[in-house]
Amino acid sequence: LHTPQSMEALFTALASHYNIERSEDPQLAEDVREFVRQLCFLGLIRDDFQPTNYHDIHVLSIAGLTIGLSAPEDFFPEQFADFCIQNNSSALTDMKIEIIPDMPKHRQNGTVLLRNKELVVMQWIEGYLLLFPSLSGVMDVYLTDAGDYARIYCRKTASSEVKENLFHVIRHLFLYRAQLNSSYVLHSASILYQEKAWLFSGHSGMGKSTHTALWHELFQAPYLNGDLNLITFQQGQPVVHGIPWCGTSGICTSRSYPLGGIILLNRGQTDHLEALSPEEKTLKVMQRLISPAWTPEQLQQNLDFSQQLTGSITVSQLFCTKEPSAAYTMKAKIDEDFLKIY
């Protein structure tokens with residue numbers, strides 16, 4: 001055992017050394033697996049965390065990142081259909097994700113970084129182990145530090161619930177890889193106006209869907225995404241890229257647009273804007289990011305990005321009702337700022 005060996009090699013060597021009868025092969029194989037499981041559990045050895053080329057790869061293009069999604073055909077989430085560019089196991093990708101409908105051979109442990117009812121994040125020697133306690137059918141999820149490879153273990157039956165949960169899990173993996181690419185996701189609904197994307201953000205129940213619906217009805221502003229928007233800088237300018245994750249709205253696009261501004265929504269008795277200091281803009285926008293903040297370094301990255309972003313675009317705080325006057329109030333402000341620029 002001077003070099004890494006496969007389970008099959010260990011089994012063959014033992015069977016040969018001890019002249020094991022063929023009838024005893026099943027018991028020997030189980031003994032080897034159990035011994036290796038104990039060593040892995042104690043952290044004395046670890047599984048070689050490498051892609052398995054389990055299935056053909058669906059190549060996705062999402063926000064400038066190329067992702068190879070390897071999965072049995074009936075496990076492929078339909079929400080990725082508009083982002084699929086080819087089916088090729090040899091394609092070069094920024095990230096490869098494997099969906100394996102089986103139990104992991106060994107259960108890995110690690111240092112807990114985050115734990116709540118929806119997500120547990122543990123750090124281990126290869127990167128991260130993610131667990132999703134509330135998602136039925138999803139087991140261990142492994143992710144490398146470099147974000148170039150992830151492996152998802154799930155239930156063997158491709159039910160609609162399991163496929164929906166896999167789609168949700170892949171979002172977390174994508175957010176991590178996108179952050180490494182200096183791309184961040186803001187919890188917000190968006191519309192297209194003046195050929196720019198405008199993002200409306202606020203806590204749950206603040207009226208993002210209601211407000212964007214007013215823009216759509218009153219000004220025929222096209223919807224872009226009903227829940228999440230990915231932002232990055234290109235040639236020094238912020239750009240919003242379409243992603244398939246959009247909450248329960250079902251509204252998303254695969255296209256990209258320059259970012260016009262961010263509107264922070266609050267409930268109000270009247271429709272009016274209130275000024276924010278630069279520091280308030282930065283902190284309020286950072287609080288709406290859903291990009292990973294598992295470590296102090298990631299939190300600092302989110303803060304730095306928010307500071308850069310709010311220094312380059314319009315960030316407004318709108319206190320509003322659910323009436324059409326709210327949309328007219330915000331449109332007047334955007335039109336005023338637009339005329340100052342152009």
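**Exercise 1. Identify what joins β1 and β2 in this predicted model, and state which turn residue has a positive phi.**

Solution. β1 and β2 form a hairpin, with two residues between the strands. In the turn, alanine 63 has a positive phi of about 55°. Next, take the pairing itself: the strands run antiparallel and are joined by six bridges. One pair can be named, since isoleucine 62 has leucine 65 of β2 as its bridge partner. Last, consider the covering of β1: five of its six residues are buried, and the strand is mostly covered.

**Exercise 2. Describe the largest nonpolar core and find which element gives the most to it.**

Solution. Start with the count: the largest nonpolar core holds 42 residues. Ile62, Ile152 and Phe174 have the most contacts inside this core. Then list the elements that each supply at least two residues: the strands β1 (57–62), β2 (65–70), β4 (95–100), β7 (127–131), β8 (138–144), β9 (149–154) and β14 (228–234), together with α3 (160–180). Of the contributing elements, α3 gives the most, with ten residues. A further core of 19 residues lies apart from this one; Leu224, Ile231, Leu264 and Leu289 are among its members.

**Exercise 3. List the residues that isoleucine 152 touches, not counting residues up to four places away in sequence.**

Solution. Read the contacts in sequence order. Isoleucine 152 touches Ile97, Glu98, Ile99 and Ile100. It also touches Val138, Asp140 and Val141. The list ends with Leu166, Val169, Ile170 and Leu173.

**Exercise 4. Characterise the lining of the second largest pocket.**

Solution. The volume comes to about 440 Å³. The lining consists of 20 residues, and those nearest the pocket centre are His168, Arg171, Asp227, Leu228 and Gly247. Sorted by class, the lining has eight nonpolar, eight polar and four charged residues. Sorted by element, the largest share is that of α3, with five residues.

**Exercise 5. Find how many cavities of 30 Å³ or more the structure has, then describe the lining of the largest cavity.**

Solution. A search of the whole structure gives one cavity of that size. The largest cavity encloses about 50 Å³ of space. Its lining is made up of Ser190, Leu224, Asn225, Leu228, Asn229, Val240, His241, Gly242, Ile243, Thr253, Arg255 and Tyr257. β13 (223–225), β14 and β15 (237–241) are the elements that give two or more residues to this lining. By class, the lining has five nonpolar residues, six polar and one charged.

**Exercise 6. Decide whether glutamine 317 is buried or exposed, and list its contacts beyond four places in sequence.**

Solution. First place the residue: glutamine 317 lies in strand β18, residues 314–320. Its relative accessibility is 8%, and buried means under 20%, so glutamine 317 counts as buried. Leaving aside neighbours within four places in sequence, glutamine 317 is in contact with Leu264, Asn266, His272, Leu273, Glu274, Ala275, Leu276 and Lys284.

**Exercise 7. Locate isoleucine 20 and assign its exposure class.**

Solution. Isoleucine 20 is in the loop between α1 (7–17) and α2 (25–41). Its relative accessibility is 25%, which falls between the 20% and 50% cut-offs, so isoleucine 20 counts as partly exposed. With neighbours within four places in sequence left aside, the contacts of isoleucine 20 are Leu14, Ala15, Asp25 and Leu28. As for distance, 62 Å separates the C-alpha atoms of isoleucine 20 and aspartate 304, which are 284 residues apart along the chain.

Definitions and conventions: Residues numbered from 1 in each chain as written. Predicted model: local features only at pLDDT ≥ 70, side-chain atom pairs only at ≥ 80, totals over all residues. Heavy atoms only, no water. Core = buried A, V, L, I, M, F, W, Y, C linked by side-chain atoms within 4.5 Å. Buried < 20%, exposed > 50% of the residue type's maximum accessible area, 1.4 Å probe, protein only. Helix = DSSP H or I, 4+ residues; strand = E, 2+ residues; numbered from the N terminus. Contact = heavy atoms within 4.5 Å. Pairing = 2+ DSSP bridges. 1 Å grid on protein atoms, 1.4 Å probe; cavity = no way out; pocket = protein on both sides within 12 Å on 5 of 7 lines; lining within 4 Å. Points joined across faces, edges and corners; volume = space filled by probe spheres on them. Nonpolar A, V, L, I, M, F, W, Y, C, P; charged D, E, K, R; others polar.
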